[in-house]
Each structure stands twice: as C-alpha cells, then as structure tokens.
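Please load the model in your viewer, switch on the cartoon, and keep the selection box handy. We will go through it one selection at a time.

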Amino acid sequence: MSLSRKRKKELRRLQKDANQLWENQQVLVGHAAEVAREAGRQLGSINREQVVPVIQDTYNRRVAPVVDRGVKMGRHVVDDKVVPIVGGVVGSALTAWDVANAKRYGVTPPAPRGAFGKKQKSGPGLGSVIAIVLGAAAAIGVLYAAWQTLRADDELWVADDPLAAPDA
C-alpha cells in the first residue's frame, strides 16, 4: 500500500505530536510522584507531632485507668474468691482420698476434733458442693462446645456445583 507524500507528512507530524505528548506525560507523572512523596513525608511528620501525642494522652486518661481497674478487679476475684474455693475443693478431695485409703488398708483415721473437743461435722460443706456443681457445669459446657465444634453437620457444607436457576 502506497501513501501519498501528504499522508506521510501528516502521519510523521502525528507521530511527532504523540511522542511529544508521551514525554510531557512522563514529566508530569514524575512531578506527581515527587509531590506524593513529599505529601507522605508531611503526613508522617504531622502524625508524629500531632496525632500520636493526642492518642497517647487520651489512652493515658481514659483507657489505662479502666484497664487498671479491670486488672485489680480480676486479681481481687482470683485472690479472694477463686483461690479459696479451689483450695477448699482440693482440701476436701484430699481428705476424701485419705479416708478412702485408710478404709482400704483397714486403718481408722483419728476423728477430727473442733474447738473445745467437739466432733466436727462430717461431709462436704455448702461451699464444696457449690464448687463441685460449678466445676461439673464448666466441664459439661466445655464438652458441649467441643461436641458442637467437631460434629458433622451437613447443613454447613456448601455444594460444589452451583444451583440451577429455577424455571420461570
């Protein structure tokens, strides 16, 4: 296919304009990248100088006291509630173990005596019964959660084939 001189001249001019436009765009993109880098540096500086101190101040005034109170309350519950209950349960279990061993080997343990030589009551107290019930409930809850997690449920599986659209 042969082109006239006029068409060739127009195509060369168009190519020259396209190349010039491409060069201008490259310069423009380079300048935009420099502006974006500088904006990122400025944003980092503003973040370090303005945002971080405000967040730290707010954390120290509002969040830290609540967290400290929660930690103190948790420590109080563990030290004053959980440890005595667990200690009572362990003590009761060890006492039962000692009594069982004594009966097994035919040795009668000495009868525990309270103040003024009175016989102490035998059997677990109310706290021990409550602790045992709570422990059993917790164990049942853990077992139920494990069963729910590990059971096979066909409704949870997604079909591999997509469903066909209903006929209209």
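A residue is called buried here when its relative accessible area is under 20%, exposed when it is over 50%, and partly exposed in between. By that rule, buried residues make up 4% of the 168 residues in this protein. Keep in mind as you go that the model is predicted.

**Whole chain.** Start with everything selected. You will find two helices and zero strands. The protein exposes about 15600 Å², and carbon and sulfur atoms supply 63% of that area.

**Residues 5-104.** Now select helix α1, which covers residues 5-104. With 100 residues, a straight helix would reach 148 Å at 1.5 Å a residue, but the end C-alpha atoms of α1 are only 120 Å apart. Centre on Asn47 next: α1 bends by about 40° there. Just past the helix, click Gly106, which follows α1 and has a positive phi near 80°. To see buried positions in α1, pick Ala64, Asn101 and Ala102.

**The salt bridges.** How many salt bridges does a search of the whole structure find? It finds three. Show side chains for these pairs:

- Arg7 and Glu10: their closest N and O atoms are 3.0 Å apart. Both residues lie in α1, three residues apart, and Glu10 is partly exposed at 31% relative accessibility.
- Glu38 and Arg41: here the closest N and O atoms are 3.2 Å apart. Glu38 is partly exposed, with a relative accessible area of 34%.
- Asp57 and Arg61: the N to O distance is 3.0 Å, and the two sit four residues apart in α1. Asp57 is partly exposed at 39%, whereas Arg61 is exposed at 51%.

Why does this spacing suit a helix? An α-helix has 3.6 residues a turn, so residues three or four places apart point the same way.

**The nonpolar patch.** Select Met73, Val77, Val78, Val82, Val83, Val86, Val90 and Leu94, and turn on the surface. Together they form a nonpolar patch with about 650 Å² of accessible area. One of its members, Val82, lies in α1 and is partly exposed, with a relative accessible area of 40%.

**Gly88 and Ser128.** Stay in α1 and pick Gly88, which is partly exposed at 30% relative accessibility. Add Ser128: the two are 40 residues apart in sequence, yet their C-alpha atoms are 6.5 Å apart in space.

**Residues 126-147.** Finish with this stretch, listed as a "transmembrane region" in an unreviewed UniProt entry. In the model, residues 126-147 are 100% helix and 0% strand, and the end C-alpha atoms are 31 Å apart.

Definitions and conventions. Residues numbered from 1 in each chain as written. Predicted model: local features only at pLDDT ≥ 70, side-chain atom pairs only at ≥ 80, totals over all residues. Heavy atoms only, no water. Patch = residues over 30% accessible without salt bridge, like charges linked within 9 Å, V, L, I, M, F, W, Y side chains within 5 Å. Areas by Shrake-Rupley, 256 points an atom, 1.4 Å probe, with all protein chains shown as cover. Salt bridge = Lys/Arg side-chain N within 4 Å of Asp/Glu carboxyl O. Buried < 20%, exposed > 50% of the residue type's maximum accessible area, 1.4 Å probe, protein only. UniProt positions renumbered as here; feature names shortened; annotations may be inferred. Expected span 1.5 Å × (residues − 1). Bend = angle between axes of the 7 residues up to and from the residue.
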